[in-house]
Amino acid sequence: MDSADPARARLTVERTNTILYCARWPETVNFYRRTLGLRTSFENDWFVEFDLGRGAFVSIADAARASISAGGGAGLTLSWQVSDVRTIRDSLVERGVAASPVSARWGAETTFVCDPEGNRIELWSPE
């Protein structure tokens, strides 16, 4: 959109929700709820929304009950800034989560994990 053109409406996002359609729904919900410890903001029998903070949410939908098929983690990375990537990584590894070694990229320390559905999660902290 051309921000110089006052006739054009500017998209202003006030809340964001990424929805992951999952074949392994119970395991994936458990991962976000128990392993990552995210707070549930909405839940029914096939859809669970987790509050990431500051108006950002991630939802896990049961693909068997939805009109959209499971993606199996293809072509998706959730990228989340955390306060201390090394401490978070160590805690996840202690809970049995496979995590990549912490590495430097683009001025940040990063590690990667995958949820049971195969969705990649990048956790990072500024260097």
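This briefing describes the fold, the core, the largest pocket and a few single residues of one protein. The model is predicted. The protein has two helices and eight strands, and from the N terminus on these elements run β-α-β-β-β-β-α-β-β-β. Its C-alpha atoms fill a box of roughly 55 × 40 × 25 Å along the principal axes. Of the 127 residues in the protein, 34% are buried. Among contacts between residues at least 6 apart in sequence, 50% join residues at least 24 apart.

**The four-stranded sheet**

- Strands in the order β1-β4-β3-β2 form an open sheet of four strands, and their pairing is mixed.
- At the edges of this sheet are β1 (16–22) and β2 (39–43), each of which pairs on one side only.
- From one strand to the next, the twist averages 25°.
- Strands of a sheet pair through backbone hydrogen bonds, in either a parallel or an antiparallel way.
- Here β2 and β3 (residues 47–53) run antiparallel and are joined by four bridges.
- Within this pairing, Thr40 has Phe50 in β3 as its bridge partner.

**Strands β5 and β8**

- Five bridges join β5 to β8, and these two strands run parallel.
- The bridge partner of Ser79 is Glu122, in β8.
- Side chains alternate along β5: Leu78 and Trp80 are buried and point to one face, whereas Thr77, Ser79 and Gln81 point to the other and are not buried.

**Helix α1**

- Helix α1 spans residues 25–35, and its buried residues are Trp25, Thr28, Val29, Phe31, Tyr32 and Thr35.
- An α-helix has 3.6 residues a turn, so residues three or four places apart point the same way.
- Thr35 belongs to helix α1.
- Thr35 counts as buried because its relative accessible area is 16%, and buried means under 20%.
- Leaving out residues up to four places away in sequence, Thr35 touches Asn30, Leu92, Arg95 and Val97.
- Gly37, just after α1, takes a positive phi of about 75°.

**The largest nonpolar core**

- The largest nonpolar core has 21 residues, of which Tyr32, Phe50, Val58, Ile60, Trp80 and Ile121 touch the most other members.
- Two or more residues of this core come from each of β1, α1, β3, β4 (56–62), β5 (77–81), α2 (85–94) and β8 (120–126).
- Helix α1 gives the largest share of this core, four residues.
- Not counting residues up to four places away in sequence, Ile121 touches Phe31, Tyr32, Leu36, Leu78, Trp80, Thr111, Phe112 and Val113.
- Two of these contacts, Leu78 and Trp80, are the buried residues that point to one face of β5.

**The largest pocket**

- The volume of the largest pocket is about 380 Å³.
- Its lining consists of 14 residues, and Leu38, Trp80, Val82, Ile88 and Leu123 lie nearest the centre of the pocket.
- Elements that give two or more residues to the lining are β5, α2 and β8.
- Helix α2 gives the most to this lining, with four residues.
- Trp80 is thus named both among the core residues that touch the most other members and among the lining residues nearest the pocket centre.

**Val85 in helix α2**

- Val85 lies in helix α2.
- Val85 is buried, with a relative accessible area of 1%.
- Apart from neighbours within four places in sequence, Val85 is in contact with Val102, Glu109, Thr110, Thr111, Leu123, Trp124 and Ser125.
- Val85 and Val102 are 17 residues apart along the chain, and their C-alpha atoms are separated by 7.8 Å.

**Positive phi in two loop residues**

- Most residues other than glycine have a negative phi.
- Arg54, in the loop between β3 and β4, has a positive phi near 55°.
- Arg54 is exposed, with a relative accessible area of 91%.
- Trp106, in the loop between β6 (103–105) and β7 (108–114), has a positive phi near 55°.
- Trp106 is exposed, with a relative accessible area of 91%.

How values were computed
Residues are numbered from 1 along each chain as its sequence is written. This is a predicted model: local features need pLDDT of at least 70, side-chain atom pairs count only at pLDDT 80 or more; totals for chains, interfaces and linings use all residues. Side-chain values use heavy atoms; hydrogens and water are left out. Buried means under 20% relative accessible area, exposed over 50%, partly exposed in between (1.4 Å probe, protein chains only). Two strands pair if DSSP finds at least two bridges between them. Axes are lines fitted to C-alpha atoms, for helices over the stretch in contact, and angles run from 0 to 180 degrees between N-to-C directions. A nonpolar core is a set of buried Ala, Val, Leu, Ile, Met, Phe, Trp, Tyr and Cys residues joined through side-chain atoms within 4.5 Å. Contact means heavy atoms within 4.5 Å. On a 1 Å grid over the protein atoms alone, a cavity is a set of points where a 1.4 Å probe fits but cannot get out, and a pocket is an open set with protein on both sides within 12 Å along at least five of seven lines; lining residues have an atom within 4 Å of a point. Grid points are joined across faces, edges and corners, and a volume is the space filled by probe spheres set on the points.
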